[in-house]
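Me: Hi! Could you walk me through this one?
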Amino acid sequence: MTQINPPIAMLAELTHRCPLSCPYCSNPLELTRQERELDTATWVDVFRQAGDLGVLQLHLSGGEPASRRDLTELVAGAREAGLYTNLITSGIGLTERRLRELDAAGLDHVQLSLQGTDPAMADEIGGYRGGFARKMQVAEWIGEIGFPLTLNAVLHRRNLHQLPRAIEMAEEMGARRIEVATVQFHGWALENRDALMPTREQAREATRLVAEARARLKGRLVIDYVPADYHEDLPKRCMGGWGSSGLNVIPDGQVLPCHAAQSIPHLSFDNVSERPLREIWYEGAAFNAYRGTDWMQEPCKSCERREIDFGGCRCQAMAILGDPDATDPVCVKSPHHGVLQASADAHATRDDAALVYRSMPQKTNA
Amino acid sequence: MKPADIPALPRGVRLHFDRVRETWVLLAPERALTLDAVGHAILSEVDGQRSFGEITQMLAEKYEAPPEQIAQDSAGFLSALRDRRFLDVTA
């Protein structure tokens, strides 16, 4: 039996609506429509349940969470539940007045995404003209109000050369942290591997730049780094281990062990409208599916790293190999590692590939 | 950390009693650090007014421990927090 600890962090995807249409969006291909989103009272009740369950950190995300008109009430409810409340936003939809309301409601921290370091790049990647200028204005207000700020630079083949400038921008904005996040290929990003896959040289250069900047900026700017994992030899410790520390509630109230878990066809997910969050965490079938190490195949089962990386990412094993129980093919011990690396190199040569932007489904009369 | 340095928890970093795990934690942007009794005792004295020297003196008296030992332990702990931007220090 695997010992089950209480969760530390909860990602609340308040809505899938978003003014941007980034081609690497981590939302699923099948986006949830507005009419199926949980209402204010239900979200606030979920936050209360999360606090009772042991969650300390709440990440309000989306889509774009500012697309929810009740965002301020939700932040107030989260703080009431004793949660450290973090807003993950592109900045679009936030006015100075709204930010001041969020401040009054007790918002603890803002994580601002960066699609590029200049308007041409950022607006092309976000698919939203004028977005970069709006974001810079929002960053200024964030600084004036004094919110602690993390800049989240999402990087891929088209913009990895902008990494040094992204780090400078974080310093100029007074951010305490920057997340240097190379695109992970789930959701919409999986459709865009040709357009976005970094080259091996780019991945290596990013690692070098991050190490150099960490040394230079020690004590001033903290750098969290997510490397280009197709070019790595060891898989990521996805979610810190499945069902071990985090959970994700999506707009319609389904509770997932990670944001891409719906890509694994045999899993079924409980909904907060039907079952208490505590029961979902401790007893839910999806959470227990890959907890611990009992589910593992070889080479994971006998590997000395099995409780370090837990076999890597289940959704990646599913996406690449069609088998969610397999060793993440990023791992050098996976028999498919060589094929994955060769495919990554091939994707990285397709400079003519067009971006596939995320899009909402058309309304149907189902 | 020098005796005259004044440590302060910046906005967005706060002490929190975790009622589920029955322990004190330090909450910071996207992080939660579990504090042991010593860490909690030190941070409870950090108020943005008192200097590092005053804090270690108070702790030495309160816990009847040698001030040098307290200063050494606290300096390591607080410096690590400063490196992670969980603590501001003004001279």
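Reply: Happy to, and one term up front: a residue is buried if 20 or more other C-beta atoms lie within 10 Å of its own, exposed if 12 or fewer, and partly exposed in between, with C-beta atoms placed from the backbone. This is a predicted model, where local features need pLDDT of at least 70, side-chain atom pairs count only at pLDDT 80 or more, and totals for chains, interfaces and linings use all residues. Residues are numbered from 1 along each chain as its sequence is written, while chains are lettered from A and ligands numbered from 1 in the order in which they are written.

Me: Cool. Which residues cover the two faces of S3(A)?
Reply: On one side sit Tyr84(A), Asn86(A) and Ile88(A), on the other Thr85(A), Leu87(A) and Thr89(A), and all are buried. With 6 of its 6 residues buried, strand S3 (residues 84-89) of chain A is largely enclosed by the rest of the structure. Strands (E, at least two residues) and helices (H or I, at least four) are DSSP runs, numbered from the N terminus.

Me: And why the two sides?
Reply: In a regular strand, side chains alternate between the two faces of the sheet.

Me: How many bridges join S2(A) to S3(A)?
Reply: There are 4, and strand S2 (residues 57-61) of chain A runs parallel to S3(A); strands pair if DSSP finds at least two bridges between them. Leu60(A) stands opposite Leu87(A) there. The chain gets from S2(A) to S3(A) through helix H2 (residues 71-80) of chain A, in a right-handed β-α-β crossover. Right-handed means that, with the strands pointing away from the viewer, the path from the first strand over the helix to the second runs clockwise.

Me: What about S4(A)?
Reply: Strand S4 (residues 109-114) of chain A is parallel to S3(A), joined by 4 bridges, and Thr89(A) stands opposite Leu112(A). Helix H3 (residues 96-105) of chain A carries the chain from S3(A) to S4(A), and this β-α-β crossover is right-handed.

Me: Switching to chain B: what pattern does it follow?
Reply: Along the sequence it reads β-β-β-β-α-α-α-β. Buried residues make up 26% of the 91 residues in chain B.

Me: How many residues does each chain give to the contact?
Reply: Chain B gives 15 and chain A gives 17, where contact means C-beta atoms, placed from the backbone, within 7 Å. On the chain B side, strand S3 (23-28) and helix H3 (67-83) of chain B are the elements giving two or more residues.

Notes: Contact = placed C-beta atoms within 7 Å.
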